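Hi there,

Here is the structure I promised to pass on. Have a look at it first, and then read on for my notes.

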Amino acid sequence: MDMFKRYVAFLLVMFSVTVCFAQPKRPHFNPERFEKDLEQFVTSKACLLPNEAAKFFPLYREMRKKQLVIFQEMKRQHYVDFYDDKACAEAIRNADARDLELKKIQKEYHEKFMKILPASKVFAIIRAEEQFHRQMLKKAFKHDAP
C-alpha cells in the first residue's frame with residue numbers, strides 16, 4: 001500500500017506541475033515600450049511634425065512624471081479598512097484631493113502645450129492619448145479572458 005500512496009502522490013505532483021505550466025502567461029508590462037508606443041500613436045494620430053514632436057514630448061514626459069507620483073499614491077490607498085468609517089472618510093478625501101491635483105497638473109500642462117502647438121493639435125493629442133489608453137485596456141482584458 002505504501003508504494004500505491006507514493007505513486008498517487010507522484011501523479012498528483014506531476015498533474016499540478018503540468019497545470020501550472022499550461023496556464024497562459026500574461027505578457028510582461030514594459031514601461032519603456034508602453035511610452036514609446038504611446039508617443040508613436042500620439043504623433044501619428046495628432047499629425048505632429050518632427051519639430052513639433054521634439055518640442056512637445058519633453059513637456060509631455062514631465063507632465064507624466066508628475067502624474068505618476070499621484071498614481072503611485074492612489075495605489076497605496078487600496079489598503080483601507082472598510083469597517084473603519086474614519087479611515088474610509090479620510091480615503092475619500094484623499095482620493096478627491098488627488099483627483100483635483102491630477103486635473104491641476106493637466107490644466108497647467110495643457111496651457112504649456114498650447115504655447116508651443118496650435119490648440120487643434122493639443123486637442124488631437126488629448127483625444128489620441130485617451131484612444132491609446134482605451135486600446136491598451138481592451139488588449140489587457142483580451143489577455144485575461146478565458
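**What I found**

Let me start with one pair: the side chains of Tyr109 and Glu62 are joined by a polar contact of 2.4 Å. By polar contact I mean a pair of N or O atoms within 3.5 Å, where, within protein, one must be able to donate a hydrogen and the other to accept it, and where residues adjacent in sequence count only if both atoms are side-chain atoms.

Before going further, please note that this is a predicted model, in which local features need pLDDT of at least 70 and side-chain atom pairs count only at pLDDT 80 or more, while totals for chains, interfaces and linings use all residues. Residues are numbered from 1 along each chain as its sequence is written, and side-chain values use heavy atoms, with hydrogens and water left out.

**The chain as a whole**

The chain has five helices and zero strands, so called from DSSP runs numbered from the N terminus (H or I, at least four residues, for helices; E, at least two, for strands). Read from the N terminus, the order is α-α-α-α-α. Of the 146 residues in the chain, 22% are buried; the cut-offs are under 20% relative accessible area for buried, over 50% for exposed, and partly exposed in between (1.4 Å probe, protein chains only). Taking contacts between residues at least 6 apart in sequence, 74% join residues at least 24 apart, with contact meaning heavy atoms within 4.5 Å.

**Around Tyr109 and Met63**

Back to Tyr109, which sits in helix α4. Tyr109 counts as buried because its relative accessible area is 0%. Not counting residues up to four places away in sequence, Tyr109 touches Leu59, Glu62, Met63 and Lys66. Its C-alpha lies 6.6 Å from that of Met63, although the two residues are 46 apart in sequence.

Met63 itself belongs to helix α3, and its relative accessibility of 2% is why Met63 counts as buried. Leaving aside neighbours within four places in sequence, the contacts of Met63 are Ile105, Gln106, Tyr109 and Phe113. For Met63 and Gln106, 43 residues apart along the chain, the C-alpha separation is 7.5 Å.

**Tyr60 and the nonpolar core**

Helix α3 also holds Tyr60. With a relative accessible area of 2%, Tyr60 is buried too. Which residues does Tyr60 touch, not counting those up to four places away in sequence? They are Leu38, Phe113 and Glu129. With Glu129 there is a polar contact between side chains, at 2.5 Å. The C-alpha atoms of Tyr60 and His110 are 9.3 Å apart, with their positions 50 residues apart along the chain.

Tyr60 is also one of the residues that touch the most other members of the largest nonpolar core, which has 22 residues; the others are Val42, Leu48, Phe56, Phe57, Phe113 and Ile125. Two or more core residues come from each of α2 (31-45), α3 (50-76), α4 (85-116) and α5 (119-144), and α3 gives the most, with seven. A nonpolar core here is a set of buried Ala, Val, Leu, Ile, Met, Phe, Trp, Tyr and Cys residues joined through side-chain atoms within 4.5 Å.

**Lys121 and Cys47**

Is Lys121, a residue of helix α5, buried or exposed? It counts as buried, because its relative accessibility is 17%. The side chain of Lys121 reaches the backbone oxygen of Cys47 at 2.7 Å. Beyond its neighbours within four places in sequence, Lys121 is in contact with Ala46, Cys47, Leu48, Leu49 and Glu52.

Cys47 is found in the loop between α2 and α3 and, at 52% relative accessibility, counts as exposed. You may want to look at its backbone: phi of Cys47 is near 55 degrees, a positive value in a residue other than glycine.

**The largest pocket**

Finally, the largest pocket is lined by 38 residues, and those nearest its centre are Phe29, Phe34, Arg64, His133 and Met136. At least two lining residues come from each of α2, α3, α4 and α5.

Best wishes

How values were computed:
On a 1 Å grid over the protein atoms alone, a cavity is a set of points where a 1.4 Å probe fits but cannot get out, and a pocket is an open set with protein on both sides within 12 Å along at least five of seven lines; lining residues have an atom within 4 Å of a point.
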